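Work through the exercises below with the coordinates open. Each task is followed by a solution in steps.

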Amino acid sequence: MASIYTHTSPSICFTYITLICSLLLAVAVASNEPERKVYVAYMGDRPKGEFSASALHSSILLEVGGSVAAKSLLHSYRRSFNGFVANLTEDEARKLAERENVVSVFPNEKMQLQTTRSWDFMGFSKHAKRSSLEGDIIVGMFDTGIWPTSKSFSDENFGPPPKKWKGKCQKSANFTCNNKIIGARSYRADGVISEPDVASPLDTVGHGSHTASTAAGNIVQGASMLGLGLGDARGGVPAARLAVYKICWNDGCPNADILAAFDDAIADGVDIISLSIGTSVPLNYFEDPIAIGSFHAMKNGILTSHAAGNDGPSSGSTSSVAPWILSVAASTLDRKFVTKVQLGNGKIYEGISINTFDLKKDTYPFIYGGDAGLKGTNASDCAFGLDEKKVKGKIVMCDAFIDGTEPAEAGAAGVVMQNGGFINVAYNFLLPASYMSNGSEVFNYLKSTKKPTAKIFKSNTEKDRFAPTIASFSSRGPNAITPDILKPDVTAPGVDILAAWSGATTVTGFPGDKRVVPYSIDYGTSMACPHASGATAYIKSFYPKWSPAAIKSALMTTAFPLNHERHPDLEFSYGAGHINPANATNPGLVYDAGEIDYINFLCGQGYNSTQLKLVTGKDARCSKATNATVWDLNYPSFTLSASDVGETTTKVFHRTVTNVGSAVSTYKAVVNAPKGLTIQVKPSTLSFTSLGEKKSFVVTATVTVSESLSVISGSLTWDDGVHRVRSPVVGHSPFHFEH
């Protein structure tokens, strides 16, 4: 066979060589280019009047990094404050942060997502007194979206949206708004959306539907999760409207999108913002998108209710620390779900879980994970390495708390876990499951019986006589940024909460789970936060002109403290106490505060005039006259950190209360001060002759902490015989937080 050869001229060879060299040079240049990633630039308040945000921001980027940087603009904040999102190099971000017209620059990192019985448990009946203005209240939900066809969000008997509403409904083939869900948007500045997420406000996770229905869902009779938790599901303000801002996806909640939602929600006209997300690390106020957004919300009369976090029980673990935010811890209900395990010897042991599965057989072979591993693998904790041949069709016992996916994939009929998990929280699993804080007797039976058997029963409910107690996972204080501001502020139900769910996912969201439910049971400060959001919306419906601080004060001073003996970290676990919505509309006195009070506080915290002028859009100047100490912020709680263990520390607090109770009234100070804490109040009597009248007083608190007693708490209550306006007074040992 003849071969075919082609002849190539020298000029073409030269062209090829030139092209290859150019390509190699381009690759080399590209490989030497510094890495770009998404940053958020916060520039403070919105400029007055009309301005082109994109033109302004592009010109800044051009100055910082030339034409390449100018083309990297991804999003501009322009409706409620000023800033932008861009793809920048580390050097460009540094240069940008050095500009006088920029407050802060931070990476676009992702934050994480953090009730048939709950409202009744708080004494807040569905027959509670309602305001005629409840239907005008708009609750802004920042979450994973919403499932619009849920009964909890039906607009039956709802009129048109309030006239103040300026938002919109993002058009999508799989989503429509109504007169209950009056607005909905989704955000993803980097454009990266992967399955099962969809580019619309539709909730594919379940979390957003759950929180929205808890805050403001309709009353739905006969709701349950496959028979568990049967009752009326309802939100705190069933007649209120919902505005949905989808900022969270299966991979988290980007900072850029959180700020974009604040930018829109403030301008749209929401009354309350509910935010069940957060970081695991507290951030400085103007490097935290939630603190930034909520500051601008506060300036516009909007209170932000925020989950304290799920990083407890470690000290100083809460990331919700800004004083203008309502920070919400999670506590238990008087209902708990238990799952019983019956062994082959007839003995029954009680564990914790939410088990909707009903095993058909009377008994199943029972095997220890440590005896069921693949060759050379220790599978005692069942996290990996289970041998399908040994496990299939059997109930397996594991030495650790796991999510159950490994036993399920190995074909196990069920799983019993010991020595792990939070024992005051029931979890959903992919298969029949129960976990015990101490499973030694079950383990002894398993190892001492020739052919052990077991059966896991469907869960049932029992009364929890110790409720409310703070959930183990709920993040604790002290406040890592400002230790003398008490955080969290309050606690609310956040364990075993039944609420609406998404039809686009399953109970667990794990592959193999086929349980699609309209209502599901979940836990977290994510679930506590919307309870507080609903309560604040309820107060707002009675007093639409009250400031965010006044509403927050009403909720805090009417809260009831939890049992000290069961909470060694005291107010650092539950703040002022458990919310009591029914009483919060009649607080008697409120501790009010506005933008200027927070600016003076920030001056005292070391922020300078240049930064605060950008943030406020005003000529805010820090001076000796305006540098307020943290103890002078008109906060509804009193906190002082000791200078050192064993030393005595004294702090002086200046406070002002506004009369919102009886026009003519006299309040007397009632002090509760345990050993190690002294509290003096001057004057000790406050007399009022009209509503809206203000009275000031001074509290001098002295604390001595020790190695064995690092937190001491008392209280100050103003009592007129009708109203009891209670504030915690907390002294604690020095707390040092390292980023």
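Contact here means heavy atoms within 4.5 Å. The model is a predicted one.

**Exercise 1.** Describe the surroundings of Lys455 and state which side chain of opposite charge is nearest.

Solution.
- Step 1. Locate the residue: Lys455 belongs to strand 22, residues 453-456.
- Step 2. List its contacts, leaving out residues up to four places away in sequence: Lys340, Val341, Gln342, Leu359, Lys361, Asp362 and Ile395.
- Step 3. Check the charges. The nearest side chain of opposite charge is Asp362, 4.4 Å away. A salt bridge requires a side-chain nitrogen of Lys or Arg within 4 Å of a carboxyl oxygen of Asp or Glu. Lys455 is buried and has no salt bridge.
- Step 4. Look for a backbone partner: the Lys455 side chain reaches the backbone oxygen of Leu359 at 3.5 Å.

**Exercise 2.** Classify the ring pair Tyr285 and Phe601, and say where in the chain the two residues lie.

Solution.
- Step 1. A pair of aromatic rings is described by the distance of the centres and the angle of the planes.
- Step 2. There are 27 aromatic pairs in the count. For Tyr285 and Phe601 the centres are 6.2 Å apart and the planes are at 55°, so the pair is tilted.
- Step 3. Tyr285 sits in the loop between strand 13 (277-278) and helix 7 (289-299), and Phe601 in helix 15 (residues 595-604), so the pair ties together parts that are 316 residues apart in sequence.
- Step 4. Tyr285 is buried, with a relative accessible area of 1%; Phe601 is buried, also with a value of 1%.
- Step 5. Tyr285 and Phe601 are among the members of one aromatic cluster, which also includes Trp324 and Tyr598.

**Exercise 3.** Classify the ring pair Phe401 and Tyr435, and give the exposure of each residue.

Solution.
- Step 1. The centres are 5.0 Å apart and the planes are at 80°, so the pair of Phe401 and Tyr435 is edge-to-face.
- Step 2. Phe401 is in the loop between strand 19 (395-398) and helix 9 (405-409), while Tyr435 is in strand 21 (residues 433-436), 34 residues apart.
- Step 3. Phe401 is partly exposed at 29% relative accessible area, whereas Tyr435 is buried at 1%.

**Exercise 4.** Which residues have the most contacts inside the largest nonpolar core?

Solution.
- Step 1. The largest nonpolar core has 167 residues, and those with the most contacts inside it are Trp324, Phe697 and Trp718.
- Step 2. Helix 6 (residues 255-268) gives the most to this core, with eight residues.
- Step 3. A second, separate core has 17 residues, including Tyr349 and Ala454.

Note on methods: Residues numbered from 1 in each chain as written. Predicted model: local features only at pLDDT ≥ 70, side-chain atom pairs only at ≥ 80, totals over all residues. Heavy atoms only, no water. Helix = DSSP H or I, 4+ residues; strand = E, 2+ residues; numbered from the N terminus. Buried < 20%, exposed > 50% of the residue type's maximum accessible area, 1.4 Å probe, protein only. Lys, Arg positive; Asp, Glu negative; His and termini not counted. Polar contact = N/O pair within 3.5 Å; in protein donor to acceptor, adjacent residues only side chain to side chain. Core = buried A, V, L, I, M, F, W, Y, C linked by side-chain atoms within 4.5 Å. Phe/Tyr/Trp six-rings, centres within 6.5 Å; stacked < 30°, edge-to-face > 60°.
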